[in-house]
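Have a look at the sequence and the model below. We'll go through it a piece at a time.

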Amino acid sequence: MALSDFTGPDYIDAWTRDLDRRWPEREAMADCVVGTLVQWRDEGGGEPSGEKRHTVIRVLELGVGAAGLARSVLDALADAQTGDSRTVAGSPDSVEYTGIDIEPALVLHGQELLEKAGHREIRLVRADLRDDIWTERIGPFDAVLSLQTLHDLGGIDALEAAYRQLHGLLAPGGILVNADFVVPFEKDNPERPRRLPVETHKGLLSSLGFIDFRCEMQQGKMACMSARRP
Ligand SMILES: C[S@@+](CC[C@H](N)C(=O)[O-])C[C@H]1O[C@@H](n2cnc3c(N)ncnc32)[C@H](O)[C@@H]1O
């Protein structure tokens with residue numbers, strides 16, 4: 001069901017609860033996105049020597065929804081900063097978080113939620129990922145994340161276009177983590193599939209120059225996949 005199917009003062013939370021109820025694997029996927037990002041950061045964030053290099057981690061999320069993933073990522077990166085082994089004395093990391101969504105109500109909701117939770121450097125933007133315009137005047141990013149969104153763009157051509165845009169927006173060594181449906185639904189048009197198998201994601205990303213593709217986890221109808229920009 002779409003956001004517009006819900007009403008009442010808590011309609012955004014009701015919509016998210018409905019997503020979680022219909023696809024219980026979302027929780028494991030969100031954990032996988034967060035865990036993959038934290039591990040990438042702890043391993044040096046793309047620095048070949050493994051030395052920690054970031055003082056600011058620039059994160060982009062596509063299809064931010066009710067900002068649940070954003071909150072988990074921001075909390076996890078904040079927690080990671082407190083570990084002595086992961087912190088360079090005198091230069092704690094900060095996170096700049098940019099989120100894109102097509103729904104103005106979600107952009108407003110997410111911005112308020114994250115600011116109220118005490119997170120700074122949050123920039124949620126209303127944009128349509130099927131355009132090219134949203135990529136102008138943003139980036140580069142160290143990490144790009146997405147949960148249950150890219151299948152909504154409409155199929156393999158749109159997915160390839162988005163992955164190409166992300167390759168352009170990522171800094172060298174940056175990581176892409178995308179968790180999405182990888183099994184078709186019965187209602188899907190087999191002539192125009194939009195929930196595409198892991199191998200298709202791998203092929204697209206490799207052809208665009210991404211490296212180190214990994215299927216981090218597959219559960220239910222979804223998979224959490226990562227790749228890096230060299
Ligand atoms: C199924 S929801 C997932 C939301 C969130 N990532 C989560 O997992 O809770 C898909 C999200 O993608 C957004 N979305 C869909 N098509 C989009 C587009 N063309 N451009 C930007 N956002 C889009 C929707 O508004 C929605 O917030």
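Does Cys215 count as buried, exposed or partly exposed? Keep in mind that this is a predicted model. Cys215 comes out as partly exposed, because its relative accessibility is 35%. Cys224, on the other hand, is buried, with a relative accessible area of 0%. So what about bonding between them? A disulfide is a covalent bond between the sulfur atoms of two cysteines. A search of the whole structure turns up zero disulfides. Cys215 is in none, and the nearest cysteine sulfur, belonging to Cys224, sits 7.7 Å away. The cut-off for a disulfide is a pair of cysteine sulfur atoms within 2.5 Å, so that pair does not qualify.

Next, take helix H6, which spans residues 198-207. Its buried residues include Val198, His201, Leu204 and Leu205. Why do they line one face of the helix? Viewed down the axis of H6, the buried residues fall within an arc of 130°, so they share a face. The spacing fits a general rule: an α-helix has 3.6 residues a turn, so residues three or four places apart point the same way. The face turned away from the buried side of H6 carries the exposed residues Glu199 and Ser207. As for what covers the buried residues of H6, the cover includes helix H5 (156-169) along with strands S5 (170-181), S6 (211-219) and S7 (222-228). Just past the end of H6, Gly209 takes a positive phi of about 105°.

Strand S5, part of that cover, is also home to Gly174. Gly174 is buried, at 0% relative accessible area. Leaving aside residues up to four places away in sequence, Gly174 touches Trp40, Asp142, Ala227, Arg228 and Arg229. Trp40 is 134 residues from Gly174 in sequence, yet their C-alpha atoms are 9.1 Å apart in space.

Now for the ligand. How many residues surround the ligand? There are 17, and the closest are Arg26, Gly63, Asp101, Asp128 and Leu147. If you're after polar contacts, start with Arg26: a polar atom of its side chain lies 2.7 Å from an oxygen atom of the ligand. At Gly63 the backbone does the job, with a polar atom 2.7 Å from a nitrogen atom of the ligand. Thr149 adds a side-chain N or O atom that is 3.4 Å from a ligand oxygen atom. On its own, the ligand has 580 Å² of accessible area, and the protein covers 91% of it.

Note on methods. Residues are numbered from 1 along each chain as its sequence is written. This is a predicted model: local features need pLDDT of at least 70, side-chain atom pairs count only at pLDDT 80 or more; totals for chains, interfaces and linings use all residues. Side-chain values use heavy atoms; hydrogens and water are left out. Buried means under 20% relative accessible area, exposed over 50%, partly exposed in between (1.4 Å probe, protein chains only). Helices (H or I, at least four residues) and strands (E, at least two) are DSSP runs, numbered from the N terminus. The arc is that of the directions from the helix axis to the C-beta atoms. Contact means heavy atoms within 4.5 Å. A residue is near a molecule or strand if one of its heavy atoms lies within 4 Å of it. A polar contact is a pair of N or O atoms within 3.5 Å; within protein, one must be able to donate a hydrogen and the other to accept it, and residues adjacent in sequence count only if both atoms are side-chain atoms. Accessible areas come from the Shrake-Rupley method with a 1.4 Å probe; for residues, only the protein chains shown count as cover.
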